Amino acid sequence: MTTLMAILIGTFYAAAIYMMLRRSVVKLVIGLILLSNAANLLIFTVAGMDRGIPPLIPKGELLIEGPAADPLAQAVILTSIVIGFGVLAFAVVLIHRACEVVQTDDMNEMKGTD
Amino acid sequence: MDLEVLVALPIIIPLLLGALSLTVLSNHSAQRWLGAIGTALLLICSVWLLLHTREVGIQVLEVGSWPAPFGIVLVSDMLGAIMVVLASITGFATALYSLKTVRKRFERFGYYPLLHLLLAGVNGAFLTGDIFNLYVWFEVLLVASFALLILGGERAQMEGAIKYVTLNLLSSALFLTAIGLTYGLVGTLNMADIAVKMASLEDQKMVTVIASLFLIAFAIKAAAFPLFFWLPASYHTPQVAVSAIFAGLLTKVGVYALYRVFTLIFTADTGFTHEILLWIAIFTMLTGVLGAAAQFEVRRILSFHIISQIGYMILGLALFTPLALIGGVFYIMHHIIVKANLFLVAGLMYRLGGSFELKKLGGLYRNHPGLAVLFLIPALSLAGVPPLSGFFAKFILIKAGVEAGAWWAVGIALLVGLLTLFSMIKIWNEAFWKASPEPNPAVPAPTRNALLYWTIGLLAAMTVCIGLFAQPIYQMAEMAAAQLLNPAGYIEAVLGGTTP
Amino acid sequence: MKPRRFNMRSLILNTGSSLLLPLLVLFSLFLLLRGHDEPGGGFIGGLVAAAAVALKLFAEDYKAARDMLRVHPLQLVGIGLVLAAVASLPPLFVGESFFTAQWWSLDLPIFGELKLSTPLLFDIGVFLGVIGTVLTVVFTLAEAEHS
């Protein structure tokens with residue numbers, strides 16, 4: 001399973017980089033989304049893919065019985081999903097505006113400040 | 001117990017200020033007051049934190065009473081505290097400068113809340129002791145900087161912002177990947193705990209891989225060679241006050257992160273990582289200054305100089321001797337103030353001369369001799385002319401380079417200093433000395449610039465003071481470097497000596 | 001690019017949304033309060049509430065959605081952040097570390113015990129912050145289509 005996930009994550013990274021290297025800014029955003037998803041999947045995989053119960057302590061007890069999933073990795077992924085969501089929402093607005101202002105979505109036309 | 005909260009204040013004050021200014025979004029004067037007075041308060045608290053840290057030693061705050069390494073800790077060591085003070089100085093100067101320069105239109109779009117949010121993110125990054133929390137603060141300051149960068153919505157800003165956003169998001173993704181691999185390897189996110197567990201691993205190959213990932217991620221943020229091109233493409237596009245705070249602080253957060261992880265965590269294989277850092281430093285210095293030589297727009301010249309200065313700071317880390325680290329910390333202290341100041345001066349040049357292009361400027365010395373003096377102080381300091389702050393910073397670094405026998409680095413550093421002087425003289429000759437190309441009646445020179453002069457003068461006075469009173473500043477840098485070179489002190493302060 | 005008018009008026013969506021809206025808002029509050037010690041919380045609640053306003057936007061138009069919210073979404077972010085930041089301060093007054101959770105319980109005559117805490121305050125802050133952030137993005141995009 002871990003091997004499969006590793007291949008999947010590698011594909012994600014590769015696809016993300018490929019999309020980011022295209023000329024269209026829309027594909028650039030798709031690349032960025034794939035990239036953040038790849039990183040999240042990576043954390044999910046390296047934190048250990050065990051079959052555990054949800055890490056919630058039942059009412060009235062102090063410990064979880066049996067193997068539980070690692071809550072820290074979940075918290076990290078959740079946080080980075082939220083951050084990625086916010087940042088990408090911003091990127092979409094930015095690109096929408098940029099396309100309106102520059103009148104193109106071709107990265108090669110956006111060289112005015114280089 | 002009582003003073004522990006001091007560590008959190010530099011984060012919580014700007015957050016609260018930002019939130020409060022958001023709630024009074026339509027009341028512009030309230031926002032301005034919150035900006036000026038709030039950042040002054042932040043500055044006072046930061047200086048207090050620095051003095052306290054200098055007296056008592058490394059301060060640790062366990063957020064929410066969760067003990068390290070399980071909870072998030074805020075740590076204030078000398079380096080962190082110094083950086084927070086510098087950030088607060090820059091924030092205060094920018095807020096003052098913004099009072100007169102930021103248009104109502106931008107205030108309505110939330111200029112001040114974004115400024116506070118940026119400061120909260122920067123201070124958070126300097127104070128956190130948790131690697132994932134560092135990532136979160138990076139993102140906070142990034143989001144704030146994205147929005148500040150495109151306030152105004154002009155074409156150049158959009159084009160610059162796309163490059164800025166893309167490269168910084170790429171860097172964030174690499175940073176997150178590195179955090180994921182770190183967690184997979186050692187199962188903790190507390191930096192002190194990571195340092196302990198990484199050192200005890202048998203197989204150091206994976207550690208080096210992770211170190212390289214961190215290196216690339218932070219080098220992009222710091223605008224180091226070869227991935228620096230987002231900086232000169234974007235930094236000259238926004239408002240001058242925004243450019244100033246970006247120039248002063250943002251890349252330095254990347255440099256700080258490099259200093260933190262490569263002195264605390266990745267110290268086992270310095271032959272590999274610090275050798276790479278050395279070459280990065282050399283090329284960063286060189287490409288930055290050569291890029292500046294080809295430019296004829298004041299803000300673009302200054303942007304390229306940020307890159308070459310980053311090279312010096314990384315050089316301090318790369319040499320990794322006590323003197324070199326002192327030099328690096330000293331350099332950061334000098335650079336943040338000087339660089340922010342130069343951008344503010346450029347803004348005033350634009351107000352008085354009507355352009356950022358050197359060809360269209362001229363005669364500023366004849367008409368505004370005060371501005372000419374205020375330009376010369378930071379400009380000569382940047383180039384390293386004694387007795388200003390830049391001289392001591394460069395001197396310490398070059399002495400460290402000679403002692404370490406890094407002759408290439410020393411030679412390049414000297415050459416780059418010379419070329420920086422050339423660049424500054426170019427601005428001086430074109431903008432200040434030569435006669436004005438044409439009488440420019442079309443631009444009504446705004447009056448009432450006293451506040452702007454005061455802001456610039458304040459920063460210039462700091463530059464002079466760092467030069468004249470180099471000894472106490474040097475001692476602080478020495479303490480910071482000593483703490484960096486002895487990570488055991490940091491680890492013990494965080495984990496309480498009981499390493500699990 | 002030619003700006004297109006926002007035109008998604010559909011009778012079904014329009015009628016459905018007026019029924020769905022109160023339910024969504026209630027559900028978001030339920031999620032917010034449930035997040036106390038079970039899955040849920042301010043973030044997910046905020047998303048649901050923001051979705052309710054976005055539904056209004058799709059069913060009617062930009063102006064109706066803005067009127068429904070009454071305040072500027074950025075002000076909501078501000079209030080939320082103030083609440084979240086203030087939630088970190090109470091422990092300082094009882095001599096505990098910054099951000100330590102504080103619990104108070106009130107005995108109300110009819111409803112029974114009411115548990116108040118700083119995490120709840122923080123969650124409400126997150127709730128408002130998320131609504132504000134999401135709606136700022138949505139409104140910015142809608143505004144671009146609108147004008």
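**Cavities, a pocket and two helix pairs**

In the second largest cavity, α6(B) supplies the largest share of the lining, three residues. Keep in mind that this is a predicted model. Let me stay with that cavity for a moment. Its volume is about 70 Å³. Which residues line the second largest cavity? From α6 onward in the chain B numbering, the list reads Phe138(B), Leu141(B), Leu142(B), Tyr164(B), Asn168(B), Lys221(B), Trp230(B), Tyr235(B), Leu250(B) and Val253(B). Helices α6, α7 and α11 of chain B each put in at least two residues. By class, that lining is eight nonpolar, one polar and one charged.

Now the other cavities. How many cavities of 30 Å³ or more does the structure hold? Five. The largest cavity encloses about 150 Å³. It has 15 lining residues, and closest to its centre are Ser36(A), Gly84(A), Tyr135(B), Leu169(B) and Ser172(B). So look at both chains here: α2 (25–46) and α3 (71–102) of chain A, and α6 and α7 of chain B, each give at least two residues to this lining. Which helix gives the most to the lining of the largest cavity? That is α3(A), with five residues. The lining has ten nonpolar residues, four polar and one charged.

Next, an open space. The second largest pocket has a volume of about 640 Å³. Its lining counts 23 residues. Nearest the centre of the pocket lie Arg103(B), Pro238(B), Arg299(B), Tyr350(B) and Phe356(B). Five helices of chain B give two or more residues each: α3 (78–101), α7 (155–186), α11 (240–264), α13 (298–319) and α14 (322–353). The top contributor is α14(B), with three residues. What is the class make-up of this lining? Nine residues are nonpolar, seven polar and seven charged.

On to helix packing, and back to α6(B). Helix α5 (residues 111–127) and helix α6 (residues 131–150), both of chain B, pack at about 155°, and their axes are 8 Å apart. The two helices are therefore roughly antiparallel. The crossing of α5(B) and α6(B) is left-handed. On the α5(B) side, the contact residues include Tyr111(B), Leu114(B), Leu118(B), Gly121(B) and Ala125(B). On the α6(B) side, they include Leu134(B), Trp137(B), Leu141(B), Ala144(B) and Leu148(B). Leu141(B) is worth a second look, as it is also listed in the lining of the second largest cavity. The α5(B)–α6(B) contact has 15 nonpolar residues, three polar and no charged ones.

The last pair is α2(B) and α3(B). Helix α2 of chain B covers residues 28–56. At what angle do α2(B) and α3(B) pack? About 160°, with axes 8 Å apart. That makes the pair roughly antiparallel. Their crossing is left-handed. From α2(B), the contact takes in Arg32(B), Ala36(B), Leu43(B), Val47(B) and Arg54(B), among others. From α3(B), Met78(B), Ile82(B), Ile89(B), Phe92(B) and Leu99(B) are among them. Here the count is 16 nonpolar, six polar and two charged residues.

One link to finish. Helix α3(B), from this last pair, is also among the helices that line the second largest pocket.

How values were computed
Residues numbered from 1 in each chain as written. Chains lettered and ligands numbered in written order. Predicted model: local features only at pLDDT ≥ 70, side-chain atom pairs only at ≥ 80, totals over all residues. Heavy atoms only, no water. Axes fitted to C-alpha atoms, helices over the stretch in contact; angles between N-to-C directions. Helix = DSSP H or I, 4+ residues; strand = E, 2+ residues; numbered from the N terminus. Parallel < 35°, antiparallel > 145°, perpendicular 65-115°, else oblique. Left-handed = near helix turned anticlockwise from the far one by under 90°. Contact = heavy atoms within 4.5 Å. Nonpolar A, V, L, I, M, F, W, Y, C, P; charged D, E, K, R; others polar. 1 Å grid on protein atoms, 1.4 Å probe; cavity = no way out; pocket = protein on both sides within 12 Å on 5 of 7 lines; lining within 4 Å. Points joined across faces, edges and corners; volume = space filled by probe spheres on them.
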